[in-house]
Amino acid sequence: MCGIFAYNGTQNSVPFLIEWLRNLEYRGYDSAGIYCINNKKEALLEKAIWKVSNLATKVERNKEKLDNYNSGIAHTRWATHGKVTVENTHPHYSQNERFYVVHNGIIENYMELKEHLQKKYTFYSDTDTEVVSKLVEELFDWDIFSTLEKVTNKLVWAYAIAIIDKENPETLVGAKLGSPMIVWIGENGVFLSSDINAISNVAHEFTTLEDNETVELKNGNYTVYSLGEVVKKETEEVDDRFEKADKGIFETFTEKEIHEIPSVLRNALKGRINFETKEINNETLSALNEYDIDNIEIIASGSSYFAWVVGASWFKEVAQIKAEVRISSEFLYETFIPSKRTLYIFMSQSGETADVREWLKMVKQKGCLTFGIVNVVGSTIARMCDMGLYSHSGIEIWVASTKNIVAQLAVLLTMSISMWLNRDLQMKDAKAYIEKLEELPNKLEGQLEQKNTIKVLAKKYSKYSNFFYLGKNLLYWTACECSLKLKELSYVHAEAYSTGELKHGPLALITPDFPVIAINPKNELRDKNISNIKEIKARSGTVLGVITAGDTTKEIYDDVIEMPKTHNILTPFLPLIPLWLFSVEIAKELGKDIDKPQNLAKSVTVE
Ligand code: M6R
C-alpha cells in the first residue's frame with residue numbers, strides 16, 4: 001500500500017530513487033513519482049501513471065538534466081483517495097512549491113483539514129496527502145523539523161511521511177504513525193524507506209522507527225526523535241533472510257513461488273518436527289504449552305484468513321481446544337471481551353496488514369497473550385507479538401499469496417499437534433499424522449507435474465466468465481482460497497460455496513456456461529458431494545472435479561484434476577497447487593499481468 005523512499009547524500013539520487021522504487025513496487029503500482037534537488041536548489045519533479053518503468057522512461061528522456069541531485073524523495077502509489085492520474089501521483093507539494101511530501105497511509109481527518117486549508121490554498125489533487133503539504137506551508141516556523149511536529153499533531157493517522165524543504169535541501173525529515181519506516185546509512189549517504197525489500201542487496205544494517213518517532217536525515221547521518229528528545233536506536237543487521245527476489249527460469253514470480261511449495265513446506269516443518277522420533281521439537285511450542293490456554297482466537301485477512309479457518313478446525317479437531325477465527329477488518333468493530341486464558345494468534349504473510357496490526361495493539365493493551373505467525377522477519381506484527389513462529393516461506397514478493405499459505409498451514413498443524421500432545425498424549429495418532437506430514441512435500445512435488453494437463457484445461461475453461469468453487473467441511477475453505485486466486489489473477493468472477501449449499505439458491509445460476517469446480521476427494525463425504533454434483537449435471541452444468549487419483553467415480557465429471565491420497569486431515573493442502581496453477585493458466589490465456597493484478601497491492605497497510 002504505497003512505498004516511500006528517500007535519499008540524502010553525496011551522489012546523484014535519481015538512479016537510487018528509480019532502482020529502489022522498483023523494489024518497492026509490490027506495495028502499489030498505480031503511479032510513481034520522484035522529487036530531487038541539489039544544494040544549489042535546482043530541482044526535478046517527475047511523475048508517471050502505472051508502473052515504475054513508465055516513470056523510468058520519462059526520467060530517461062531528461063537524461064541531460066539528471067546530474068547531481070544529491071537529495072530526493074520517491075513514491076509508488078496504491079490509489080486510496082482519487083483516481084490514477086498524474087495529479088494524484090506523489091510527491092505532493094505546497095502552494096508556494098517549497099515543501100514536497102511523499103506519504104504511505106491514510107490521513108483519516110483529511111476532509112476536515114482540507115475544508116480549513118481550502119480557505120487559504122487551492123488544491124490540485126483529490127489526495128489526502130496534498131493536505132499534508134499545504135499544512136506544512138501553513139504551520140511553517142522557519143524550521144522544517146519543528147514544523148513536522150506541529151503538522152503530525154494535527155494528523156489523525158496513519159502515515160509514514162518524508163518531506164523536503166526546497167529552501168533547505170541538505171535536510172530531509174520523516175515521521176511515522178501506523179505505517180512502517182526504516183532508515184539506514186549507506187556508502188554515499190543516508191536512506192529512508194517503507195521496508196527492507198528496497199535495500200536488501202545494499203545495506204548492512206538498518207533501524208526501524210516506532211510510532212510517533214520522527215527522523216532527520218542530514219550530512220550522511222540520521223537522528224531519531226520521540227517527543228522532541230533524541231532517541232538512541234538499535235540497528236538490525238541485514239542478513240540472508242532478506243534475499244533478493246529473482247524469477248529464475250519462470251515467466252512470473254507467482255509461478256516460481258508455486259513451484260517452491262514443496263521445499264517451503266519442508267522448511268516450515270524442519271526443526272519443528274523430529275520425523276525420526278515422530279515428536280514435536282520446538283522451544284516456542286514447548287513454552288506455549290506452559291500456559292493454561294482453553295481458547296484460541298485467530299485474527300487474519302484474505303488468504304491468511306482462509307488458512308486460519310482450516311487451522312481453527314485443526315485446533316478443535318486435533319487439539320480439542322475451542323478456536324474462533326475473525327476477519328481482522330470486522331473484528332476491530334466488535335465488542336472485545338479480553339480473556340487471560342485465551343491465546344490470540346495473529347497471522348500475516350507481510351506482518352504489516354493494518355487491521356491485523358491494530359487488533360494486535362488493542363489485545364496487547366489489555367494484557368492478553370499474543371502469538372504471531374508471520375513470514376516477513378522483523379515486520380511490525382512479528383515485533384509486536386509476545387511470542388510466535390515464522391512461516392519461513394522466503395520472500396513472497398508479488399500480490400498473490402501461494403507458498404506462504406502452505407507454510408502457514410504447516411505451522412498451524414504443527415501447533416495443533418503440539419497442543420494436543422500436551423493435553424492428551426495419544427502418541428499413536430500423533431505419530432500417524434506426523435508420518436503423513438513427512439510424506440506431504442513429495443506428494444505436492446508430484447502435483448507440479450500436472451502442469452501441462454492443467455494448461456489444457458485452462459485453455460478450455462478460460463472462455464467462461466463465472467465459476468462456482470465447491471467443497472465441503474475443511475475443503476470449503478480451500479475452495480474459498482482457490483476462488484479468491486482466480487478472481488485476483490484473472491479478474492474472472494468466482495464464488496465459493498459449501499457443496500450442499502448450492503441448492504439453497506445459487507443453483508439457479510447453473511447453465512452449461514457457468515462451470516463448477518468441485519473439490520471432492522475420496523473420503524466419507526465423497527458420496528454426499530456426488531449427490532450434489534448429480535443435481536448440477538441434471539441441470540446441464542459443467543463440472544471440473546478435483547478428485548483423488550484412481551477414484552472410479554471419475555466419469556460423472558466433465559473433466560478432472562487428480563490429487564494424491566493422504567490422511568484426511570491433510571486434504572486441505574492438496575487442491576491448492578493444481579487450482580492455483582489453473583488460475584495462473586487462465587490469467588495467461590486472458591493476457592493478464594499475473595504478478596501485478598489490477599487494483600491490488602501486496603502489503604495492505606491501510607485499514
Ligand atoms: O500479509 P497478509 O497475510 O496479512 O495479507 C492478507 C491478505 O491481504 C492477502 O492474503 C491477500 O488476500 C492475498 N493477495 C491473496 O492472494
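# A tour of helix pairs, loops and a ligand site

Begin by selecting residues 451-461 and residues 576-589, which are helix H15 and helix H18, and look along the pair: the two helices pack at an angle of about 50°, with their axes 8 Å apart. That angle makes H15 oblique to H18. Keep in mind while you rotate the view that this is a predicted model. With both helices in sight, the crossing of H15 and H18 can be followed as a right-handed one. Now show the side chains at the contact, which on H15 are Lys451, Ile454, Lys455, Leu457, Ala458, Lys459 and Tyr461, and on H18 are Pro578, Leu581, Phe582, Glu585, Ile586 and Glu589. If you colour this contact of H15 with H18 by residue class, you will find 8 nonpolar and 5 charged residues, and no polar ones.

Next, move to the N-terminal helices by selecting residues 13-23 for helix H1 and residues 52-61 for helix H2, whose axes are 9 Å apart and whose packing angle is about 165°. How are H1 and H2 oriented relative to each other? With an angle over 145° counting as roughly antiparallel, H1 and H2 are therefore roughly antiparallel to each other. Their crossing is left-handed. To see what makes the contact, display Val14, Ile18, Leu21 and Arg22 from H1 together with Val52, Ser53, Leu55, Ala56 and Val59 from H2. By class, the contact of H1 with H2 comprises 7 nonpolar residues, 1 polar residue and 1 charged residue.

While H2 is still on screen, select Trp50, which sits in the loop between strand S3 (43-49) and H2. The backbone is the thing to inspect here, since phi of Trp50 is near 65°, a positive value in a residue other than glycine.

A second loop to visit lies between strand S4 (71-77) and strand S5 (92-93), and Pro91 is the residue to select in it. Display the backbone from His90 to Pro91, where the peptide bond is cis and omega is near -5°.

Continue to residues 110-117, helix H3, and residues 129-139, helix H4, whose axes come within 10 Å and cross at roughly 45°. That crossing angle makes H3 oblique to H4, and the crossing in which H3 passes H4 is left-handed. On the H3 side, show Tyr110, Leu113, Lys114, His116 and Leu117, which meet Val131, Lys134, Leu135 and Glu138 on the H4 side. The residues of this contact of H3 with H4 divide into 5 nonpolar, 1 polar and 3 charged.

Finish at the ligand, by selecting the 15 residues around it, of which Ser304, Ser348, Ser350, Thr353 and Glu488 come nearest. Which distances are worth drawing to an oxygen atom of the ligand? For Ser304, draw the one from a polar side-chain atom, which lies 2.6 Å from an oxygen atom of the ligand. For Ser350, a polar side-chain atom lies 2.7 Å from an oxygen atom of the ligand. For Thr353, an N or O atom in the side chain is 2.4 Å from an oxygen atom of the ligand.

Conventions: Residues are numbered from 1 along each chain as its sequence is written. This is a predicted model: local features need pLDDT of at least 70, side-chain atom pairs count only at pLDDT 80 or more; totals for chains, interfaces and linings use all residues. Side-chain values use heavy atoms; hydrogens and water are left out. Axes are lines fitted to C-alpha atoms, for helices over the stretch in contact, and angles run from 0 to 180 degrees between N-to-C directions. Helices (H or I, at least four residues) and strands (E, at least two) are DSSP runs, numbered from the N terminus. Angles under 35 degrees count as roughly parallel, over 145 as roughly antiparallel, 65 to 115 as roughly perpendicular and the rest as oblique. A crossing is left-handed if the near helix is turned anticlockwise from the far one by less than a right angle, and right-handed if clockwise. Contact means heavy atoms within 4.5 Å. Ala, Val, Leu, Ile, Met, Phe, Trp, Tyr, Cys and Pro count as nonpolar, Asp, Glu, Lys and Arg as charged, and the others, Gly among them, as polar. A residue is near a molecule or strand if one of its heavy atoms lies within 4 Å of it. A polar contact is a pair of N or O atoms within 3.5 Å; within protein, one must be able to donate a hydrogen and the other to accept it, and residues adjacent in sequence count only if both atoms are side-chain atoms.
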